[in-house]
Structure formats: C-alpha cells, structure tokens
Amino acid sequence: MTDSIITMQRRFSISLLFAALAAVVMPVHAQGDAQKQLSSERFTIVSPFPPGGPVDTLARVLSDDLAKRYGQAAVVENLVGAAGNIGIDKVKRAKGDGHTLLVVPAGNLTINPTLMPNFPFDIEKDFVPVTMLAKAPNVLVAAPSSGIKSAKELVAMAKAKPNTLSYASPGVGSGLHLAGELFKQQAGIDLLHVPYKGTAPALNDVLGGSVPLMFSNLPATMPFIKNGKLIALGVTEAKRSAAAPDIPTLAEQGIQGVTVTSWYGLLAPKGTPPAVVEQLAKDAAQMLAQPDVRERLKVQGMTDAAMKPSEFAAHIREETAVWARIIKARNIVAE
C-alpha cells in the first residue's frame with residue numbers, strides 16, 4: 001500500500017514537472033513562431049492622416065524599426081479622407097497576419113463610434129488592440145486679456161457670471177471639444193463652445209483675445225505660455241507634466257475627473273493570432289525605449305506609452321464609455 005502511494009506521488013511529481021516545463025517552453029515556441037511569421041513578408045503601416053503630424057511620425061518610426069527587426073520592407077501608406085475612415089477601412093479588410101497595421105489617434109477609437117451616427121466599424125470586433133504607442137498632455141489656457149490666472153478663478157468667474165465665458169476648439173466632437181465639455185461637467189459651470197476648423201485658427205483667436213479660453217495640446221502652446229501670450233491654467237493629466245512641471249493639474253485645483261490625454265495606438269485586423277499581437281507589442285515597447293526614438297517623439301511633444309494588449313483594450317473600452325456619456329448628455333452631434 002505504501003509503495004503504491006509512493007509510486008503515485010512520484011508519478012504526480014513527474015507530471016507536475018512536465019507541466020511546468022511545458023508552461024515555460026510553449027510560450028517560447030509560440031514566440032519563435034510569431035517571429036518567423038512576421039519575418040515572412042513585407043509590412044504596410046497605415047496612417048489615415050497626412051504626413052508631418054504625430055500619427056505619421058509614429059508610423060514611420062514603427063516602419064523603420066520593423067524593417068530592421070525582421071529584414072523585410074516596411075512602407076507607410078497615408079490614406080487620407082473621411083475623418084480617417086478610409087485608412088481604417090483598409091486595415092479592417094486586411095488579412096490578420098501582423099503585416100498590415102494601423103496607427104491611429106484616440107478620437108477615431110473612443111469618440112467617433114458614438115459621435116458618428118453611421119460609424120462603419122465595430123472597434124472591438126473589427127480590430128485587435130496591440131499597444132498604445134505614445135501620448136501628449138493637454139492644457140487649459142487663457143488669453144491674458146481675460147484676467148483669468150488659474151482654474152479656480154475661472155470657475156469662480158463662470159459661476160458669478162453664467163454664460164459669459166467661451167472656449168475655442170478645433171471642431172465639434174474633437175477630443176479638445178470634449179475635454180471642455182467634461183471640464184464643464186466636473187466643475188459645475190457652463191461655457192459657450194466656439195468650434196473652429198482646426199487647431200491653428202482656434203489658437204489664433206485665443207491669442208488675439210477674441211475667445212478667452214481653449215483646451216490645447218501642451219507642445220503646441222508651450223512657446224506662447226513661455227513668452228506670456230497665453231496663461232496656463234492647468235494640465236489635464238493625473239500628474240504634472242515633466243515638460244512643464246510648474247503648471248498645476250486641474251485636480252490639484254479641486255477639479256477632479258478631467259484626465260484627457262492625446263494618445264496614439266497601434267491596431268491589427270481581426271483574426272491576428274494572439275502570439276503575433278503579443279510579439280508586436282513587445283517589439284513596439286523595445287522600439288519606444290530607444291533613446292533616438294524618444295528624441296523623435298519629444299520633438300512632437302510626445303512620450304512613449306507602451307502597454308500590454310489587454311491593458312490597451314481595457315483602456316479603449318473605458319475611455320469610449322466616458323466619451324459616450326459626455327456626448328449623449330450634451331447632445332453633441334457631428335457636423
């Protein structure tokens with residue numbers, strides 16, 4: 001009886017040993033298979049916006065890295081039009097093998113599905129999130145002529161004189177428009193929204209004093225903040241920005257829940273094998289950690305934001321839910 005028990009224990013221990021070895025070896029095999037598949041043909045990185053901007057920069061950084069890493073050509077296609085939907089559609093229809101990838105800003109993934117009544121994609125079903133690539137802080141700024149020097153002063157003025165203050169944005173449904181709507185909700189105030197066709201004309205009117213306020217990308221406004229042509233009221237991040245540590249967060253000034261960051265992600269078509277997705281996420285993280293890449297991002301005011309595919313998928317879902325509530329509560333309709 002005792003010998004039988006000992007034999008069973010030995011067999012059980014050996015089984016556990018083999019299971020442990022399998023748990024270690026199988027991911028290595030899967031990783032090797034993924035690398036082999038990625039090395040098999042050329043890459044196409046789709047940027048659904050014009051050359052020169054942050055999306056294009058990230059697409060080109062990624063294409064350079066993939067070409068070196070896998071010994072295959074990697075081209076960037078700027079498929080512009082329909083608010084980015086032309087480029088996104090190409091990736092949706094592509095084979096899910098890791099060779100056609102999409103670099104896209106947050107708004108196309110988390111705002112447009114609610115904002116656009118006939119949005120042609122189901123982000124969760126049509127694509128596989130790989131990783132967030134980079135992010136850039138946003139800031140609430142005021143024209144000096146407004147007399148507003150802090151977010152607290154802004155809230156006090158808006159409550160004392162309802163419906164007298166306005167803020168500019170690059171357009172209806174833009175991330176910076178929704179940042180303003182979220183700010184209004186969290187601060188319990190009302191501001192008039194003044195939409196423009198792009199960031200440049202909106203910023204010009206704030207600099208000229210025609211409109212007193214604006215949420216903007218921090219890198220775009222830093223030169224004007226430094227020379228005193230704009231007053232920085234607060235950054236829309238959980239922590240102060242390393243690029244501007246003297247600017248307080250809105251949360252520090254008592255306005256909670258306004259965490260709005262401009263970010264850019266990497267996606268693959270549906271059906272892309274999990275091992276390939278994991279490998280691409282790992283490749284991207286290694287790429288973003290390189291000093292020369294960090295410097296290229298810094299020029300565009302961005303920092304790396306690599307995360308695991310599961311974390312990125314959760315982030316997209318959570319942010320989509322936040323913007324859906326704001327869009328519906330404020331009855332915002334795409335123009």
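Below, a biologist asks a modeller how the terms used for this predicted model are justified.

Modeller: This is a predicted model, in which local features need pLDDT of at least 70 and side-chain atom pairs pLDDT 80 or more, while totals for chains, interfaces and linings use all residues. Residues are numbered from 1 along each chain as its sequence is written, and side-chain values use heavy atoms, without hydrogens and water.

Biologist: What makes the largest pocket a pocket and not a cavity?

Modeller: On a 1 Å grid over the protein atoms alone, a cavity is a set of points where a 1.4 Å probe fits but cannot get out, whereas a pocket is an open set with protein on both sides within 12 Å along at least five of seven lines. The volume of the largest pocket is about 1300 Å³, taken as the space filled by probe spheres set on points joined across faces, edges and corners.

Biologist: How do you know which residues line the largest pocket?

Modeller: A lining residue has an atom within 4 Å of a point. For the largest pocket there are 43 of them, with P105, S174, G175, T199 and Y264 nearest the centre. Helix α4 (106-110) contributes the most, 4 residues; helices are DSSP runs of H or I with at least four residues, strands are runs of E with at least two, and both are numbered from the N terminus.

Biologist: Why are 24 residues of that lining called nonpolar?

Modeller: Because Ala, Val, Leu, Ile, Met, Phe, Trp, Tyr, Cys and Pro count as nonpolar, Asp, Glu, Lys and Arg as charged, and the others, Gly among them, as polar. On that division the lining also has 17 polar and 2 charged residues.

Biologist: What does the second largest pocket give by those rules?

Modeller: Its volume is about 810 Å³. K135, P137, E237, T261 and T303 are the closest to its centre among 31 lining residues, which divide into 16 nonpolar, 7 polar and 8 charged.

Biologist: Why are β7 and β9 said to stand at the edges?

Modeller: The open sheet has 5 strands in the order β7-β6-β8-β5-β9, with mixed pairing. Both β7 (192-195) and β9 (231-235) have a single partner strand, so one side of each lacks a neighbour in the sheet.

Biologist: What makes β6 and β8 a pair?

Modeller: Two strands pair if DSSP finds at least two bridges between them. β6 (residues 166-169) and β8 have 2 bridges, in the parallel sense, so they qualify. Y167 has L213 of β8 as its bridge partner.

Biologist: How do you know that α8 packs on the sheet?

Modeller: α8 touches β5, β6, β7 and β8, where contact means heavy atoms within 4.5 Å.

How values were computed:
Axes fitted to C-alpha atoms, helices over the stretch in contact; angles between N-to-C directions.
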